[in-house]
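Student: I am new to this structure and would be grateful for a close look at one part of it. Please concentrate on the salt bridges and on what surrounds them.

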Amino acid sequence: MASGSPPSLRRTLTLPAVTISGVGVILGAGIYALIGEAAMTAGNALWASFIMSALIASFTGLSYMELSSLFPEASAEFEYTRSSFGDLPAFVIGVMVILSGIVGASTVALGFAGYLNAATGVPMMAAALLLILGIMAVLLAGIKQSAAVAIVFTLIEAAGLVGIILIGLPYLGSVDYFEAPGGLSGIFVAAALIFFAYQGFEEIVKLSDETVEPEHTIPKALIFALIITIILYILVSLCIVSIGGWEAIAGSPNPFAEVAAGVFPGGYALFTVIALFATANTALLMLLASSRILYGMADRGRIPPVFGWVHPGRRTPWAAIALSCVASVL
């Protein structure tokens, strides 16, 4: 940073950190909640729905990979649209992306609160508000601190999926993996629902201004994150239906916890705690991404420059973080 120039974001993130953050936001809360609903229509053919969704998500992911190598900037979708269609469409897209992250974080925070309320009785609204305020404190602390928290939380939620795979491995082959109560249409319906579980890879590109050599690192991290999550999802979908058939998890809001409860004592409590980490991590990464695109748009003069202000010591876009978190609370 040149003497006298305004502070900028610090480039500290490397390929492993960006990849793990990407895995964290993709895994998120979706897989922990949606797999029970998807099983109602896909049955034991759940794996086919995950493969279909993976193919669709991969096309979108490859597009983001290409665009992030051409425009390695935190403003991401705003910059992609501006370069092709001009300022007005870019502004609209940018605002929509920011709002989707803010509203998404609020929704996931309420999901976190639901799990916590069921386990401890803490009021849902209080739990959701405390989570978002805690996330704001982490984001304001710095990108290194935010990435460290995201990496730890990601390893915990990934360990939960690996745990389900290990539990289910001895049962592989015990069911008919082509049994689908809704037929082929049911598999397609489940695939459409499961696509939500693959969402999140687009958040990776918003770390460009804090990543070392983003034009090379971001595309690689994106494709690695997608590959890791696709493999985990397909293995989980095969293993969980093998344990007791699709009927055991159909419609369950917390299917992993229910399956684990039938296998070992304390399984339900353990996977409820893992779900808390998964939802908290998703909300963290959504607000991180929203604050960065907000900063990127301000830095390019498309919204008031106050949202481009960077803390001189922490090197975080504190005004953009504050707005994103306060809006999510509201």
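**The salt-bridge network and its surroundings**

Tutor: A network of salt bridges links Glu73, Glu79, Arg82, Asp299 and Arg300; a salt bridge here is a side-chain nitrogen of Lys or Arg within 4 Å of a carboxyl oxygen of Asp or Glu. The model is a predicted one, in which local features need pLDDT of at least 70 and side-chain atom pairs count only at pLDDT 80 or more, while totals for chains, interfaces and linings use all residues. Residues are numbered from 1 along each chain as its sequence is written, and side-chain values use heavy atoms, with hydrogens and water left out.

Within the network, Arg82 forms a salt bridge with Glu79, and their closest N and O atoms are 2.6 Å apart. Both belong to helix H4, where a spacing of three residues separates them by about one helical turn; helices are DSSP runs of H or I with at least four residues, numbered from the N terminus. Glu79 counts as buried at 6% relative accessibility, whereas Arg82, at 28%, counts as partly exposed. Buried means under 20% relative accessible area, exposed over 50%, and partly exposed in between, with a 1.4 Å probe and protein chains only.

Helix H4 also holds Glu77, whose side chain meets that of Lys206 in a salt bridge (3.0 Å, N to O). Lys206 lies in the loop between helix H9 (201–204) and helix H10 (214–244), so this pair ties together parts that are 129 residues apart in sequence. Glu77 and Lys206 are both buried.

A further contact of H4 (residues 77–85) is aromatic: Tyr80 in this helix pairs with Tyr64 in helix H3 (residues 46–70), 16 residues away. Their ring centres are 6.3 Å apart and their planes stand at 70°, so the pair is edge-to-face. Rings of Phe, Tyr and Trp (its six-membered ring) pair if their centres lie within 6.5 Å; planes under 30 degrees apart count as stacked, over 60 as edge-to-face and the rest as tilted. Tyr64 is buried at 16% relative accessible area, and Tyr80 is buried at 8%.

Another salt bridge joins the side chains of Asp87 and Arg302 (3.5 Å, N to O). Asp87 lies in helix H5 and Arg302 in the loop between H12 and helix H13 (318–329), so the pair ties together parts 215 residues apart in sequence. Asp87 is partly exposed at 40% relative accessibility, as is Arg302 at 31%. In the whole structure, a search finds eight salt bridges.

How values were computed
Helix = DSSP H or I, 4+ residues; strand = E, 2+ residues; numbered from the N terminus.
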